[in-house]
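Welcome to the tour! Keep your viewer open and your selection tool ready, and we will go from stop to stop together.

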Amino acid sequence: MNKLKTLVVGCGNMGVSHARAYHQLSEFEIVGLVSRKPESREKLSKELGGLPTYDNFDTALRHSKPDVVSINTYPDTHADYVRKSLKAGAHVFVEKPLALTVEEAEELVALAKEKNRKMVVGYILRVHPSWTKFVEVARTLGKPLVMRMNLNQQSSGDKWYTHKQLMNSMSPIVDCGVHYVDIMCLMTQSIPISVSAIGANLSKEIDPKMYNYGQLQVRFKDGSVGWYEAGWGPMMSETAVFIKDVIGPKGAVSISDKPKDSSQDIEGHTKTGSLQLHYSELTKDGDFVKKDDFIKTEDEPDHDGLCLLEQKFLLNAIKNDDDLSSHLKDAINSLKIVLAADESVRTGKTIEL
């Protein structure tokens, strides 16, 4: 197999980590880095031994003629870049979300199928060994499940700037929520039936119609329920930064030990300390039959390591012609849930799916 000529679009946190992954894998050859900021693309180019750089996506796509395009830009550009990449005959890796509407996401999935190209959406928790174990254990707790998750980020400086840029197109519960709603769907293996949500704008620095705090509640056909909460900004509390907790009739499993990094740090999105497994079974005297188990997860990959696993997944899909229809169906499903949550915030109504 010839090296896969790869164009990396976006040189922020995600783009840098994915570029390092391609650089590490001999099957890929980076043929261009695209970024609006000269300093970010030049810095990354220098780190990786000197690579061609571009300030314009269309120019880069035309000149580099890539086999793979890796899209790591702000969400409002994703659909356009994915569409152009597929039409140019390239396989695509795109950071979540795939698009800003369900209809557009479905159109892109159909286009990938039509062009017979592989498309992977960056659901990083799916390749994370600790989160994979979390899902596996949650499935042993019986039904229905109660799933409680959040990721509040107290941000300042560059991180707050990035959050404000993201909020030009979507709220925190939409941007981050797709990860955790996807995990809920994997845990229940059931169909989501309704979503309700609340939100609040806590900053004069963002559009009055946008909200930087939100919480969604989702109901599943099997009776399972889940909530997800996310907030961004310098005003956010760090008291409840990282809750990942699942309860079922047979007990509960939680990601234990708050990340040691601050809530702004990119490692804080995925890092775990251990899984705490609690058993609900009681003796005749009403005492617990078993003590809680702690499943160690300290040896998990760092952020660059997780991005490497994502690119290995893409590579295998291309080499083995893997069927990614289930992966893409799940990506659309989680997008549908968080966009319904956004509609619920704006209308004040529960949205039936």
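**Stop 1: a residue in the first helix.** Select H18, which sits in helix α1, residues 13-24. Remember as you look around that this is a predicted model. Is H18 buried or exposed? With a relative accessible area of 0%, H18 is buried. Now show its surroundings: leaving aside residues up to four places away in sequence, H18 touches S70, N72, F93, E95, C307, E310 and Q311. Pick out Q311 from that group, because its side chain is joined to the side chain of H18 by a polar contact of 2.9 Å.

**Stop 2: the cysteines.** One of the neighbours of H18 is C307, so select C307 next and colour its sulfur. C307 is buried, at a relative accessible area of 0%. C11 is buried too, with 9% relative accessibility. How many disulfides does a search of the whole structure find? The search finds zero. A disulfide is a covalent bond between the sulfur atoms of two cysteines. For C11, the closest cysteine sulfur is that of C307, and at 14 Å it is too far for a bond. Seen from the other side, C307 is in no disulfide either, its nearest cysteine sulfur being that of C11, 14 Å away.

**Stop 3: two domains.** Colour residues 4-121 as domain 1, then 126-305 and 334-352 as domain 2. The centres of the two domains, taken over C-alpha atoms, are 28 Å apart. Where they meet, 15 residues of domain 1 are in contact with 16 residues of domain 2. The size of an interface is often given as the accessible area lost when the parts come together. Here domain 1 and domain 2 bury about 1,300 Å² between them, with 66% of it on carbon and sulfur atoms. On the domain 1 side, select Y74, K96 and V102: these lose the most area to domain 2, together 39% of what that side buries.

Across this interface, there are two salt bridges and four residue pairs in polar contact. The elements giving two or more residues to the domain 1 side are α1 and α5 (102-115). Of the contributions to that side, α1 gives the most, with four residues.

**Stop 4: a salt-bridge network.** Stay with α1 and select R20 together with E47 and D304; these three are linked in a network of salt bridges. Between R20 and D304, the closest N and O atoms are 3.0 Å apart. Between R20 and E47, the distance from N to O is 2.7 Å. That second pair links distant parts of the chain, with R20 in helix α1 and E47 in helix α2, 27 residues apart. R20 is partly exposed at 31%, and E47 is partly exposed at 42%.

**Stop 5: bridges between loops.** The whole structure has 16 salt bridges. Select D321 and K118, whose closest N and O atoms are 2.8 Å apart in one of these bridges. D321 is in the loop between α10 (303-320) and α11 (325-347), while K118 is in the loop between α5 and β6 (119-122), so the pair ties together parts 203 residues apart in sequence. D321 counts as exposed at 52% relative accessibility, whereas K118 is buried at 11%.

**Last stop: a long view.** Keep D321 selected and add P38, then display the distance between their C-alpha atoms: 36 Å, for residues 283 apart along the chain. P38 lies in helix α2, residues 38-47, and is partly exposed at 42% relative accessibility.

Terms used:
Residues numbered from 1 in each chain as written. Predicted model: local features only at pLDDT ≥ 70, side-chain atom pairs only at ≥ 80, totals over all residues. Heavy atoms only, no water. Buried < 20%, exposed > 50% of the residue type's maximum accessible area, 1.4 Å probe, protein only. Polar contact = N/O pair within 3.5 Å; in protein donor to acceptor, adjacent residues only side chain to side chain. Contact = heavy atoms within 4.5 Å. Disulfide = S-S within 2.5 Å. Domains from an automatic or database assignment. Buried area = accessible area lost by both parts, 1.4 Å probe. Salt bridge = Lys/Arg side-chain N within 4 Å of Asp/Glu carboxyl O.
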